[in-house]
Amino acid sequence: MIVLIKDGAKEEQVRQLIERLESFGFQVHVSKGVVKTILGLVGNTARLDIDLIRSMEIVQDVKRVQEPYKNANRKFHPEDTVITVGGVTIGGGKPVLIAGPCSVESEDQILQVARAVKRSGAGMLRGGAFKPRTSPYSFQGLGAEGIRLLLLAKEETGLPIVTEIMDQGQLPFFDGVDVFQVGARNMQNYELLRVLGTLRKPVLLKRGFSNTLEELLMSAEYIMAGGNEQVILCERGIRTFETATRNTLDLSAVPVLKQLSHLPVVIDPSHSTGMASLVRPMSLSAIAAGADGLIIEVHNDPPHALSDGPQSLTPEAFDDLAKAADLVFQAVLAGTAAMTS
Ligand code: PEP
Ligand code: MN
């Protein structure tokens, strides 16, 4: 349920109303926008007397929110959420490029890639240390050592780091990590989501292979229900009958999620296509569709990568993509300005 506050209501009156609503047992989420203040109520509102709330002096209107996700709902928070990670902002502005190898393999590898993507304008460095591999016989990642190497790269380049957490038991290794990545395979690991909800560090939440967008938003809700509002949604391709690509990139996820939610939306063109040659066209399409960022696999030697080589860009290809992405973003801005002037 959302309560719209009248313009000109005094802070003190709003505070009293919040206290009153909390005394009824609701969690109250306050959204103070440029135009409107909205109170979002979470809890069982079925027995609440809407007319009583509506009759209050500072209340303009009360509306029920039908969707099962509340904190993640745009109705609760009409403005785009902007998340700041180590000085980089994601959401509602210039798309952020998150780039790096699928897996951290060695000091030399991660430093080379980190330096290159930084030069090309990446805002964050990605790299898997704890890897969820389909086969138990494949390279499983360097684990804690991988995180140590990511931290070295962060120290040298200043790039905030994004890396996957597979289990809450790995948390002690994540102190210096800037963004937790929750992988597709763990999107519905509710225990993990709940624990991440108790922390105050951004989470990049990937959509599961066979999950709906509503299920993705419900997973975001698990994190947000614990008070951690810094969730970045990521579309990374879903399973369909199509076999020409590794997965099928559901690009409509961008406008759909942005209509339904205020959270930033990032596209992963690497896992969704599985082929380096498709990463550039899908990245540019994602920017045109309004994505807040891209998470792209880049390797200094793709043919010898220990994981996901075929979909990894060389640093040169990434540099070219970064330039093209910027041009597309400028074109989108110019187009929007021309249409509204
Ligand atoms: C990854 O980012 O390397 C990864 C394993 O992604 P996903 O969870 O989308 O498969
Ligand atoms: Mn990968």
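A polar side-chain atom of Lys206 is placed 2.8 Å from an oxygen atom of ligand 1, in what is a predicted model. This briefing begins with that ligand, then turns to the pocket and to the domains of the chain.

**Contacts of the ligand**
- Besides Lys206, the side chain of Arg185 brings an N or O atom to 3.0 Å from an oxygen atom of ligand 1, and His271 has a polar side-chain atom 3.2 Å from an oxygen atom of ligand 1.
- Ligand 1 on its own would expose 300 Å², and the protein buries 97% of that area.

**Residues around the ligand**
- The residues around ligand 1 include Cys102, Arg126, Lys131, Glu164 and Gln181, together with Gly183, Ala184, Arg236 and Glu297.
- Sorted by class, the shell around ligand 1 holds 7 charged residues, 3 polar residues and 2 nonpolar residues.

**The pocket**
- Ligand 1 takes up the space of the largest pocket, whose volume comes to about 250 Å³.
- This largest pocket is lined by 19 residues, of which Lys131, Pro132, Arg185, His271 and Asp308 are the closest to its centre.
- The lining of the largest pocket is made up of 9 charged, 7 polar and 3 nonpolar residues.
- Arg185 and His271 therefore appear in two roles here, as residues around ligand 1 and as residues among those closest to the centre of the largest pocket.

**Domains of the chain**
- The domain assignment divides the protein chain into domain 1, which covers 2–63, and domain 2, which covers 83–340.
- Between the C-alpha centres of domain 1 and domain 2 there is a distance of 36 Å.

Note on methods:
Residues are numbered from 1 along each chain as its sequence is written. Chains are lettered from A and ligands numbered from 1 in the order in which they are written. This is a predicted model: local features need pLDDT of at least 70, side-chain atom pairs count only at pLDDT 80 or more; totals for chains, interfaces and linings use all residues. Side-chain values use heavy atoms; hydrogens and water are left out. A residue is near a molecule or strand if one of its heavy atoms lies within 4 Å of it. A polar contact is a pair of N or O atoms within 3.5 Å; within protein, one must be able to donate a hydrogen and the other to accept it, and residues adjacent in sequence count only if both atoms are side-chain atoms. Accessible areas come from the Shrake-Rupley method with a 1.4 Å probe; for residues, only the protein chains shown count as cover. On a 1 Å grid over the protein atoms alone, a cavity is a set of points where a 1.4 Å probe fits but cannot get out, and a pocket is an open set with protein on both sides within 12 Å along at least five of seven lines; lining residues have an atom within 4 Å of a point. A molecule sits in a cavity or pocket if more than half of its atoms lie within 2 Å of its grid points. Ala, Val, Leu, Ile, Met, Phe, Trp, Tyr, Cys and Pro count as nonpolar, Asp, Glu, Lys and Arg as charged, and the others, Gly among them, as polar. Domain bounds come from an automatic or database domain assignment. Grid points are joined across faces, edges and corners, and a volume is the space filled by probe spheres set on the points.
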